[in-house]
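Q: Please take a close look at one part of this model and then set it in its wider surroundings. A connected account is preferred.

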Amino acid sequence: MATVSRFERRSRLVTLLLYCGLAAGLVFACFPIVWMFFTSLKSNTEIFALPPRILPKVFTFEAYASIFSDTAKLRFFLNSYLVAGVVTLLTVVVALLAAYAFSRYEFRLKKPFNLLVISTQTVPPITLLIPYFGMVVAFGIFDTYYALILTYMVFTLPYAILLMTGYLNTLPKDLDEAVLVDGGTSWTALWRVIVPLSVPGIVATAVYTFLLAWNEFLFALTLTKSMDMRTVPIGISLLMGQHAFEWNEMMAMSVLGSLPLLILYLIAQRYFLVGMTAGSMKG
Amino acid sequence: MAFATAQSPGAIGRGMAYALLHRRKLAPYLYVAPSVSLFFLLMLYPMVAVFRYSLLDGAILKPSPKFVWFDNFLQIFSDPVFVQAIGHTLYFSIMSVIFHIIVGLSFALMLNSDRIARPLQSILRVLYILPWLFTAVIIAIIWRLILDPNGVINAILMALHIVDFKVEWFSSSRTAIHALTFVNIWAGYPLYMVTLLAGLQGIPRDLYEAASIDGAGPVRQLLHVTLPQLKPIIVSIALLDFIWTMQVFPLVWMTTGGGPIHATEMMSIYTYKAAFSRFQFSIASASAVVLFIISMSMTYFYIKHQKAVR
């Protein structure tokens, strides 16, 4: 009897400790995000108020209003959506084709090419940036969308190819072979049979590609120059330098800049996690 | 290979089979052609270019730059700022990886416990992943706000009498690199947590049953069952994370910019400043090549490890 109750007590203690740990984890993970959100709803005078308060005394949307009334700031969002959208589309199509070859064919250069794809994942962006700068100027696309769309493909493609190949490998080969036996080409097999079945894989790839493109900083910083071409991360960093410390507005920009990814994450959580773990699981 | 067996001889004539076979040899190359051309344009050519720049004097700027062998490399390695940058980069990366493993694993173990209800587990998992969704620039400014000398962290620490003055986390050379590492730990652990959680759920139950029959308590089960089972996954992510963390740019650029003075100078920051603030493209290329070589040697281990695991 005594041992049972001691066991019970110990078990309760462990559960209590577990909940304490989970609560501490929650504060660690979410406090900065909560702080960002509520700061965006404070007026600028309240931001460093003592003692600090999480909730604003007076809720105000003035920071958001000032962003939405400033076309220069809205332009950052337009640019980011446009660049990330086009990069996602192109990446998915190009990666799908390559993944189809990887998954369905044996060919001599398969191994070297696969190695190239994997090692491209770990090439430092800063190493590529110096020649990119020269190339982009030489092509006459400095400070255009093309410069960003083209260079972003270098880091979106490797993931996309690995993710898509992994997905296609899960589809039975009899499916497309049936098309070939009926006299169809591999091209027909790809578009008529494989693509419709690959929607989950394509969504996972697209979501992750969008995230990578939306978050890119270094290339956007260096390969564009005019305010008209700046993306959200660069826009935020420039505002940070200019009107130093209108914190509520900076936080409102951050909230708006994180919103697309948060929404994507909440509606497509499963697909997000696939992309997130792809780098370390496959290879 | 699989297709060759699928062609039923009755259905396809000899000539047709030959044409198909021929096309089968060419087809994969057509499918990979767009990616391969992009990799040539965006990877191989630039790599050759940056290696060449690193051996020239006045690359990009001078019309006919002189070939100077390894002078640029000698120059950066005799620059104390660059040597310090290597040290900072290693410190930052190693500490980040260690704490990512600790925090990620603890969260994964807590979430995986039978003691919490499923719905709560799902909600917490969503919330714990959140830091991973934020762009480096946004992470940087959130933490600049929180760690501002007048900010909330200092207010709390002073109220608790842990510190008695307003610590300038990012602008004092004593604290800057630690503050930066802390922020990076916050931003990066979810990757580990998610991957390890998936790994934990893949460990066969009977391993634990066998261990508990042998009289192993929770701690020994963790050390002798869980950790050995997770080891391949941990090594994989840790290597990748180390490589990526070494290349850190936006987080540092947006918090300290490498300062105060050079207290948080990293290899990527050094490279960027050399190229785009001082326009010394040859020096920058040399430093970029050093970072590339370190990254690729780590990648070699990563690929070797991946192959061994499979």
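Is Ile261(B) buried or exposed, and what is its relative accessibility?

A: Ile261(B) counts as exposed, because its relative accessibility is 77%; buried means under 20% relative accessible area, exposed over 50%, and partly exposed in between, with a 1.4 Å probe and protein chains only. The model is a predicted one, in which local features need pLDDT of at least 70, side-chain atom pairs count only at pLDDT 80 or more, and totals for chains, interfaces and linings use all residues. Residues are numbered from 1 along each chain as its sequence is written, chains are lettered from A and ligands numbered from 1 in the order in which they are written, and side-chain values use heavy atoms, with hydrogens and water left out.

Ile261(B) is located in the loop between α11 (250-255) and α12 (267-276) of chain B; helices (H or I, at least four residues) and strands (E, at least two) are DSSP runs, numbered from the N terminus. The phi angle of Ile261(B) is positive, at about 50 degrees, although the residue is not a glycine. Phe279(B), also not a glycine, has a positive phi of about 55 degrees. Its position is in the loop between α12 and α13 of chain B, and Phe279(B) is partly exposed, with a relative accessible area of 45%.

Helix α13 of chain B covers residues 281-309 and includes His305(B). His305(B) counts as buried because its relative accessible area is 17%. Residues up to four places away in sequence aside, His305(B) touches Pro232(B), Val235(B), Ser236(B) and Leu239(B), where contact means heavy atoms within 4.5 Å. Val309(B) lies in α13 of chain B as well, but is partly exposed, with a relative accessible area of 46%. From Val309(B) to Ile102(B) the C-alpha distance is 22 Å, and the two are 207 residues apart in sequence.

Another helix of chain B, α10 (residues 218-246), crosses α8 (residues 176-201) of chain B at roughly 145 degrees, their axes coming within 10 Å. These axes are lines fitted to C-alpha atoms, for helices over the stretch in contact, and angles run from 0 to 180 degrees between N-to-C directions. The crossing of α8(B) and α10(B) is right-handed, that is, the near helix is turned clockwise from the far one by less than a right angle, whereas anticlockwise would be left-handed. On the α8(B) side the contact residues include Asn184(B), Leu191(B), Tyr192(B) and Thr195(B), and on the α10(B) side they include Thr226(B), Leu230(B), Ile233(B) and Asp241(B). By class, the residues of this contact comprise nine nonpolar, five polar and one charged; Ala, Val, Leu, Ile, Met, Phe, Trp, Tyr, Cys and Pro count as nonpolar, Asp, Glu, Lys and Arg as charged, and the others, Gly among them, as polar.

Leu191(B) also appears among the contacts of Trp132(B), which touches Tyr208(A), Leu211(A), Phe272(A), Met276(A), Ala187(B), Pro190(B) and Leu191(B), residues up to four places away in sequence not being counted. Trp132(B) belongs to the largest nonpolar core, of 209 residues, and is one of the members that touch the most others, along with Leu223(A), Tyr128(B) and Met193(B). Such a core is a set of buried Ala, Val, Leu, Ile, Met, Phe, Trp, Tyr and Cys residues joined through side-chain atoms within 4.5 Å.

At the level of domains, whose bounds come from an automatic or database domain assignment, chain B has domain 1 (2-39) and domain 2 (79-309). Their C-alpha centres are 46 Å apart. Ser64(B) lies in the loop between β1 (56-57) and β2 (66-67) of chain B and is exposed, at a relative accessible area of 62%. Chain A is divided into domain 1 (2-39) and domain 2 (67-281), with C-alpha centres 38 Å apart.
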